[in-house]
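Dear colleague,

Please find the structure below, handed over for your work. A summary of what was found in it follows.

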Number of protein chains: 2
Amino acid sequence: MSLRYLTAKLAQQIDDELINEAGAFSIDQLMELAGLAIAQALARVYNKDEYPNVLVCCGPGNQGGDGLVAARHLAMFGYNPVIFMPKGFKDVYNFERLKTQCDNMNIKMIPPSDDTSLLQDSLSSAEVILDTISGLSPKLIQAPFNSALPLLANSGLHIVSVDVPFGWDVEEGNVEGVGLEPDVLVSLIAPKRGMRSFRGRHFVAGRFIPKSLEEKFELNLPEYPDSDQIVELAMEEEAHR
Amino acid sequence: MSLRYLTAKLAQQIDDELINEAGAFSIDQLMELAGLAIAQALARVYNKDEYPNVLVCCGPGNQGGDGLVAARHLAMFGYNPVIFMPKGFKDVYNFERLKTQCDNMNIKMIPPSDDTSLLQDSLSSAEVILDTISGLSPKLIQAPFNSALPLLANSGLHIVSVDVPFGWDVEEGNVEGVGLEPDVLVSLIAPKRGMRSFRGRHFVAGRFIPKSLEEKFELNLPEYPDSDQIVELAMEEEAHR
């Protein structure tokens, strides 16, 4: 049985089941494990001595929260992350605490501004972009993100995207051709359908989904090694998509 | 500068600072990271093929919660954990959710009983005991734990203790001579003073303490390798106590 690539609807349904009464997880638990795994996947590919400066780009939804957690863990690992979160995170209850935790690690956050010069400055001193902008939200290519997209896409930096690269459609992929072209993809729980055309290094993370849910949704996840929180997809798994 | 061994008071103060407004961590975040790290330390020493059956002994405080999280991650890693939690966990707000998460992994919990025969049965089919009973609480050698202590101590099983082995004093160690004799110790954040006499394999976990707090309390923590959540103390560090 080959790994299942999820529709947007199914991905949302699995997220809901994890946090409802049956799954019983809090957002804090899932976000902490997801953010840690994202940081570990980045560290697996880009070591901190050659690639110390990471620009962490955070959308306004829960995936932006995953990015804040990942930034904190990257700082713990010895990286120098900078956070770009132009739309803030007002709707998510734990933003202020996650932000304070980043402040306590002396992580710089680019202040929201219509002027992209601060973003350009940060790009010029970064080696890697961590893209936690889109999540499952389809319509993020609007202000203030629309002006950032070409800057990120044309930066020439290494890009690690989570779930759905910025500018891609969850199910159709990079159909408009304007999306980021990541080197590394981290799929939380399982890859989304639009990622079938992705050809870089692909990690699955989210070693918290109970076996019963994995079976119910026929995810056919790859086996995580040892006590790792990430697993890299092998080429033969890719070939079966 | 050598690693600091904490008094009970200082350990409690650091815990408080992590969750107060300055640290801003939720119990859910810290418990998830602690439980994951505990499970990873156990897995580092006792692989799941030779030592699949782990009896996870949980006290009634937050450390019991760490034990429940560790049990869930051990099940994710492929172990077969069984939970012994005779006093329940009523006082901690997230117990029911943590318990449901264990149920969803089909983890068996020994029902509370004055009769120790169920505990004895579980001991006879286990290879490793994970001892998350005491935490910083000094007076746990009372019912229902008093009848369990000799059974655990005389089981001949491998023992992994967290922070303070069951029966030890936080600052004075195994002064009464009745405490467990663990093979492996996992110290959360930093070791406690009573652990200076411990001579087995010793891991530090808790890679979430901000540098500012580490410096404020002069912890002189060892350097965690790569993106690991645990670090094993080397013999030379032990010698400097």
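The buried residues of H4(A) pack against H2, H3 and strand E2 (80-84) of chain A, and also against helix H2 (27-45) of chain B. Please note that this is a predicted model. The residues of H4(A) concerned are A:Phe95, A:Leu98, A:Gln101 and A:Cys102, each with under 20% relative accessible area. Because these four span an arc of only 125° around the axis, they lie on the same side of H4(A).

Turning to the interface, chain A and chain B each contribute 32 residues to the contact. Between them the two chains bury about 2600 Å², and carbon and sulfur atoms account for 55% of that area.

As to polar interactions, zero salt bridges are found by the rule across the interface of chain A and chain B. There are, however, 15 residue pairs in polar contact between chain A and chain B, with both residues at pLDDT 80 or more.

Four helices of chain A each supply at least two residues of the side that touches chain B: H2 (27-45), H3 (62-77), H4 (95-103) and H7 (211-216). The most comes from H2(A), which gives seven residues to that side. By residue class, the side of chain A that touches chain B comprises 13 nonpolar, eleven polar and eight charged residues.

In short, H4(A) has buried residues that pack against elements of chain A and against H2 of chain B, and H4 is also among the helices of chain A that supply residues of the side touching chain B.

With kind regards

Terms used
Residues numbered from 1 in each chain as written. Chains lettered and ligands numbered in written order. Predicted model: local features only at pLDDT ≥ 70, side-chain atom pairs only at ≥ 80, totals over all residues. Heavy atoms only, no water. Contact = heavy atoms within 4.5 Å. Buried area = accessible area lost by both parts, 1.4 Å probe. Salt bridge = Lys/Arg side-chain N within 4 Å of Asp/Glu carboxyl O. Polar contact = N/O pair within 3.5 Å; in protein donor to acceptor, adjacent residues only side chain to side chain. Nonpolar A, V, L, I, M, F, W, Y, C, P; charged D, E, K, R; others polar. Buried < 20%, exposed > 50% of the residue type's maximum accessible area, 1.4 Å probe, protein only. Arc of directions from axis to C-beta.
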